[in-house]
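Dear colleague,

Please find below the structure I am handing over to you. My notes on what was found in it follow directly after.

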Amino acid sequence: MGEKITYETIFARSFSRYDQKKLGYGAFLGCLLIALSFCIVFKPYLGPLPVLNMRMSMDVGLNMLRIMDSFSSEKLRGGDISSSMTTIVTETSSSEIEMVEESDTTGTNETISNGTKVINNKNSSQQKEMKTVCHVEESTEFCEMNGDIRVDGKSSTVFMAVDTMVANSSWVIGPYARRGDEEAFKRVTKWSIKSGVDAYEEAPQCDQRHNVPAIIFSTGGYAGNNFHDYTDIVLPLYLTSRQFDGEVKFLITDKNPWWIEKFRNILQKLSRYELVDINKEVNIHCFTSVIVGLKRYPKELKIDPSKSPYSMKELRQFLRSAYSLKKENAINMKDNGGKRRPRLLIVSRKSTRAFTNTNAISGMATRLGYEVVVTEVDSHVARVAEMVNSCDVMMGVHGAGLTNMVFLPENAILIQVIPIGGFEWLAKTDFGEPSKDLNLRYIGYKIKTEESSLIQQYPPDHEVLNDPYAVQKRGWYEFKSIYLQKQNVNLDVDRFRATLLRALELLHQ
């Protein structure tokens with residue numbers, strides 16, 4: 001039987017074992033080159049792998065940034081502010097998922113220095129950016145949210161409803177612009193802001209969808225005190241909402257109907273939409289943009305034009321428009337030629353820090369050439385605004401009523417009567433400095449001990465009369481109970497005469 005010659009036999013006879021090994025290696029490399037050539041030629045026609053495509057669809061550009069602005073401790077009315085840690089985070093692009101959290105939040109994958117926790121998942125396929133940016137500042141905290149936002153008034157919770165691999169994050173905020181004041185926040189509802197996997201699963205279905213942004217803010221806190229009405233709510237609300245030019249919806253928590261009525265003109269000027277008492281809402285309201293809390297600057301009645309597109313001058317113009325005020329400038333006596341008397345408004349008070357000799361003050365001012373108006377300001381803002389705007393000079397004892405200086409015409413004069421008790425810092429902070437930004441001329445009149453009603457309540461050698469700073473050291477509430485709540489003023493009209501003459505001089509300039 002003849003030998004069967006196979007391909008392997010011929011191959012073995014033609015080449016040595018060493019040559020066979022070299023030829024095998026060459027064939028393997030050749031196959032690799034051919035496969036690589038096919039990949040290069042046909043790459044434009046190949047789609048992405050299904051598994052990768054699925055992973056890409058799950059990445060969402062979601063940022064949770066918490067920006068802690070550093071500041072020094074400062075005493076505020078009714079409470080102290082403690083210093084805070086500074087964390088500055090640069091906002092990521094729409095292709096990144098980044099969540100930056102302080103130590104009081106939950107859920108992250110990686111921890112870096114100072115308790116800041118970061119998650120990053122980069123994917124250039126995601127175009128739409130969804131983010132939450134929370135700011136903690138000296139006098140306020142607020143969160144700006146963009147995406148699928150769902151507001152549940154029953155639970156006071158705002159959900160970022162995004163299907164994402166990002167870990168859970170939560171933030172609790174009191175939407176009232178006097179951060180650190182524990183007394184004020186006893187009357188402010190706290191809101192939870194949630195994002196991440198659990199937030200997506202917990203988020204309720206939408207009952208009402210809105211095509212305008214929303215702002216959540218509280219009318220609790222010190223609302224009802226005219227000074228705080230403006231510095232804690234009206235001014236911060238103006239700063240936060242003016243950018244929307246009326247195309248914004250207000251969701252009010254801790255809603256006080258009397259406060260809404262008092263400032264109805266302002267609210268209607270800032271928003272074209274019906275107000276929502278969000279605590280009483282059973283429906284889930286959904287938005288693509290929500291701001292929780294209000295912006296404000298640390299100083300009272302202050303807008304920093306270097307950090308804001310707005311100024312106190314623009315606020316005055318806004319208020320003039322809201323209340324249809326006619327008088328733009330105070331009287332100039334030099335141009336007036338004696339045809340009209342300057343109008344003096346004496347702000348009276350019924351209880352504490354009241355003038356006890358208003359008639360004597362009024363009579364002396366009339367003899368100097370003023371047209372005198374004596375009135376107690378109340379909650380009818382439109383009427384008060386018109387009255388104040390008609391005057392050239394406004395005077396009163398330190399108190400919330402002086403906040404109505406915002407309605408005075410340009411170059412008018414504010415005279416603040418400062419009681420005993422070491423009030424200088426408070427008088428300067430609350431009205432002295434803000435009056436300059438309003439383009440008013442300011443005069444402070446510090447009374448003597450003999451002009452205070454406290455001399456009738458305490459012996460001449462008592463520390464209340466001689467060492468008010470010792471009283472201050474025992475706390476705000478003791479200071480307040482004595483110097484703010486027990487004190488009236490009996491002006492020495494002969495001494496005060498020089499102050500009114502100084503105001504006339506300014507009106508001649």
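Ile291 counts as buried because its relative accessibility is 5%, where buried means under 20% relative accessible area, exposed over 50% and partly exposed in between (1.4 Å probe, protein chains only). This residue belongs to strand E17 (residues 284-292); helices (H or I, at least four residues) and strands (E, at least two) are DSSP runs, numbered from the N terminus. If neighbours within four places in sequence are set aside, Ile291 is in contact with Cys143, Glu144, Ala214, Ile215, Ile216, Thr240, Gln243 and Phe244, contact meaning heavy atoms within 4.5 Å. Its C-alpha atom is separated by 7.0 Å from that of Phe142, although the two residues are 149 apart along the chain.

The model is a predicted one, in which local features need pLDDT of at least 70 and side-chain atom pairs count only at pLDDT 80 or more, while totals for chains, interfaces and linings use all residues. Residues are numbered from 1 along each chain as its sequence is written, and side-chain values use heavy atoms, with hydrogens and water left out.

A second buried residue is Phe263, with a relative accessible area of 0%. Phe263 is placed in the loop between H7 and helix H8 (264-270). Not counting residues up to four places away in sequence, Phe263 touches Asp229, Tyr230, Val234, Tyr323 and Val381. With Val381 the C-alpha to C-alpha distance is 7.2 Å, and the two are 118 residues apart in sequence.

Across the protein chain there are 17 helices and 22 strands. Of its 509 residues, 51% count as buried. Among contacts between residues at least 6 apart in sequence, 75% join residues at least 24 apart. The chain exposes about 25200 Å², of which carbon and sulfur atoms supply 52%; these areas come from the Shrake-Rupley method with a 1.4 Å probe, and for residues only the protein chains shown count as cover.

Helix H13 (residues 424-437) has 14 residues and reaches 19 Å from its first C-alpha to its last, close to the 20 Å expected at 1.5 Å a residue; the expected span is 1.5 Å times one less than the number of residues. H13 bends by about 30 degrees at Asp430, and Pro434 follows within four residues. The bend is the angle between axes fitted to the seven residues ending at a residue and the seven starting there. Both Asp430 and Pro434 are among the buried residues of H13. The cover over these buried residues includes helix H6 (226-241), strand E21 (413-418), strand E22 (441-446) and helix H16 (476-484).

Positive phi values also deserve a note. Just after H13, Asn439 has a positive phi of about 60 degrees. Asp245, which is not a glycine, has a positive phi of about 50 degrees; Asp245 lies in the loop between H6 and strand E15 (249-253) and is partly exposed at 49% relative accessibility. For Asn411, phi is near 65 degrees; Asn411 is in the loop between strand E20 (393-397) and E21, and is partly exposed, with a relative accessible area of 32%.

Yours sincerely
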